[in-house]
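Could you walk me through this structure, going from single side chains out to the whole chain? I work at the bench and would like to follow along in the viewer.

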Amino acid sequence: MRTAFLPCAAAALFLLGRATASGDAGQEPVLQVRIINFNFETVRVTWSPSRYSGTNLTFVYKLSSDEASRPCCNYIVHESYTAGCLLEARKDEILCFSLGNGTDILFQKCEWISAYLKPSSPEDLSFRWHEDAVTVTCSDLPYKRLLYEIQYKSVFDTEWLSKEGETCNVTMQGLDSEKCYFFRARVKTLESSYGSDTYPSDWSKVTHQQRGELRDSCQEKKLFPKFILICGMIALLTVSLLLLSLWKVRRLHKCLMPSVPDPKLTFPGLFELHRGNFQEWIKDTQNVSHVAKTEATEQECVPEETLVVQLQKAEDEMPIVTTGPLCPPTEGEEASRDASPVACQPPQGGEVVSLGGFTFVMTDNSYMLL
């Protein structure tokens with residue numbers, strides 16, 4: 001591809017350009033020039049002036065097929081100043097150009113334009129599916145020594161996977177036709193043939209394939225909310241099961257190990273008065289309970305109703321007499337029961353109390369229990 005020889009004038013200009021571009025060792029270059037050959041159709045030369053910012057530089061060039069040099073007819077303008085030039089190319093040729101500021105030559109260079117090649121992007125990709133593999137084909141470019149790179153990934157992959165071939169006929173293995181895949185392609189040059197200053201082509205338009213059919217999209221954005229929803233439901237279910245397990249464990253703990261009540265509330269005085277001695281406490285409690293029970297029995301056995309019943313019964317059995325416990329009958333009265341009753345005289349020296357047909361004499365030293 002580089003079999004042509006430079007003419008004497010071109011060689012001299014090339015060497016001069018190398019010296020002018022590099023300058024003295026350790027010094028900053030006057031201009032930073034970048035050359036890109038777009039598929040042997042257009043060559044773009046751009047420059048970034050470091051010392052001549054704000055200056056319109058002139059660009060003069062000559063291709064090996066041209067008879068004479070000519071100025072640039074299609075400048076690239078940046079902020080109202082020239083920043084590059086677009087040239088037409090028909091094949092791999094030697095480009096010699098110079099940049100100047102008026103009559104001063106600032107930069108000169110001669111180079112094969114293939115050294116700065118940037119191929120065009122592949123177009124019209126076609127796919128052939130067979131079981132777990134797919135073959136991607138496209139139209140080859142008219143020049144050789146190229147690499148065709150095919151990248152692919154599924155909706156579950158985070159990075160692209162690559163496969164290369166010297167022709168645009170590349171087969172990828174281990175694919176699942178049920179999944180939706182993204183495909184894209186580009187072209188690179190072989191460094192052994194074109195050098196290290198070339199550029200890979202732009203990526204082709206991404207194509208979506210599923211079950212051997214072309215898709216408009218792989219619905220990648222819709223899978224993400226669905227994944228979040230599933231994860232949220234799993235997290236909610238896990239928290240619910242955890243709470244239920246804690247509740248079950250608490251109930252089981254209560255069944256196996258019931259809570260023991262505080263004996264201070266059940267046995268008052270056991271620890272305060274008897275220091276936990278249950279025998280002393282039970283004795284003291286029994287004594288208190290016996291006394292309390294006796295007092296309660298005495299309070300409950302109020303003979304009011306019994307007295308009334310006894311009195312009623314006594315009235316029914318005994319004849320109506322004026323005798324009572326304090327007025328016993330005399331011997332004469334016992335001898336003659338048919339005689340008229342004699343009234344009983346109450347004893348002297350006390351207060352007379354009548355209750356239910358009975359007469360009592362109360363002194364200062366007597367009491368009555370009802």
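Let's begin at Lys118 in this predicted model. With a relative accessible area of 18%, Lys118 falls under the 20% limit and so counts as buried. Its salt-bridge partner is Asp202, and the closest N and O atoms of the two are 3.2 Å apart. Lys118 sits in strand S9, while Asp202 belongs to the loop between H2 and S16, so this pair ties together parts that are 84 residues apart in sequence. Asp202 itself is partly exposed, at 45% relative accessible area.

The loop that carries Asp202 has another residue worth a look. Asp197 also lies between helix H2 (191-194) and strand S16 (207-210), and at 41% relative accessibility Asp197 counts as partly exposed. Beyond its neighbours within four places in sequence, Asp197 is in contact with Ala115 and Tyr116. Asp197 and Tyr116 are 81 residues apart along the chain, yet their C-alpha atoms are separated by 5.6 Å.

Strand S9 also leads us into a sheet. Five strands form this open sheet, in the order S5-S6-S2-S1-S9, with mixed pairing. Strands S5 (75-78) and S9 (117-118) stand at the edges with a single partner strand each, so one side of each has no neighbour in the sheet. Further in, S2 (residues 42-49) and S6 (residues 81-88) pair in the antiparallel sense over five bridges. If you would like a spot to find this pairing in the viewer, try Val43, whose bridge partner in S6 is Leu87.

Staying on S2, we come to the aromatic residues. The structure holds ten aromatic pairs. In one of them, Trp47 and Phe59 are stacked, at 5.9 Å centre to centre and 10 degrees between the planes. Trp47 comes from strand S2 and Phe59 from strand S3 (residues 58-63), twelve residues apart. Both Trp47 and Phe59 are buried. Ring pairs also extend beyond these two: Trp47, Phe59, Tyr61, Phe97 and Phe107 are linked into a cluster.

A second aromatic pair takes us to another part of the chain. Which geometry do Trp129 and Tyr181 adopt? Their pair is tilted, with 6.3 Å between the centres and 45 degrees between the planes. Trp129 lies in strand S10 (residues 126-130) and Tyr181 in strand S15 (residues 181-189), so the two rings tie together parts that are 52 residues apart in sequence. Tyr181 has 5% relative accessibility and therefore counts as buried.

Both of these strands are worth following. S10 runs antiparallel to strand S11 (residues 133-137), and five bridges join them. One of the links is between Ser126 and its bridge partner in S11, Thr137. S10 and S11 form a hairpin with two residues between them, and in the turn Glu131 has a positive phi of about 55 degrees.

Now for S15, where charged side chains take over the story. The structure holds seven salt bridges. Arg186 forms one with Glu149, with the closest N and O atoms 2.8 Å apart. This pair links strand S15, home of Arg186, to strand S12 (residues 146-154), home of Glu149, across 37 residues. Arg186 is buried, at 19% relative accessible area, and Glu149, at 5% relative accessibility, counts as buried too.

Glu149 has another partner as well: Glu149 and Lys188 form a salt bridge, their closest N and O atoms being 3.8 Å apart. Here again S12 is linked to S15, with the two residues 39 apart. Lys188 is partly exposed, at 22% relative accessible area. Glu149, Glu164, Arg186 and Lys188 are linked in a network of salt bridges.

Charge meets aromatic rings at Arg184. This arginine lies over the face of Trp160, at 4.2 Å from the ring centre. Arg184 lies over the face of Trp203 as well, at 4.1 Å from that ring centre.

Finally, let's step back to the whole chain. It has seven helices and 19 strands. Of its 370 residues, 28% count as buried. The accessible surface comes to about 26,100 Å², with 55% of that belonging to carbon and sulfur atoms. Among contacts between residues at least 6 apart in sequence, 57% join residues at least 24 apart.

How values were computed: Residues are numbered from 1 along each chain as its sequence is written. This is a predicted model: local features need pLDDT of at least 70, side-chain atom pairs count only at pLDDT 80 or more; totals for chains, interfaces and linings use all residues. Side-chain values use heavy atoms; hydrogens and water are left out. Two strands pair if DSSP finds at least two bridges between them. Helices (H or I, at least four residues) and strands (E, at least two) are DSSP runs, numbered from the N terminus. Buried means under 20% relative accessible area, exposed over 50%, partly exposed in between (1.4 Å probe, protein chains only). Contact means heavy atoms within 4.5 Å. Accessible areas come from the Shrake-Rupley method with a 1.4 Å probe; for residues, only the protein chains shown count as cover. Rings of Phe, Tyr and Trp (its six-membered ring) pair if their centres lie within 6.5 Å; planes under 30 degrees apart count as stacked, over 60 as edge-to-face and the rest as tilted. A charge sits over a ring if NZ of Lys or CZ of Arg is within 6 Å of the ring centre and within 35 degrees of the ring normal. A salt bridge is a side-chain nitrogen of Lys or Arg within 4 Å of a carboxyl oxygen of Asp or Glu.
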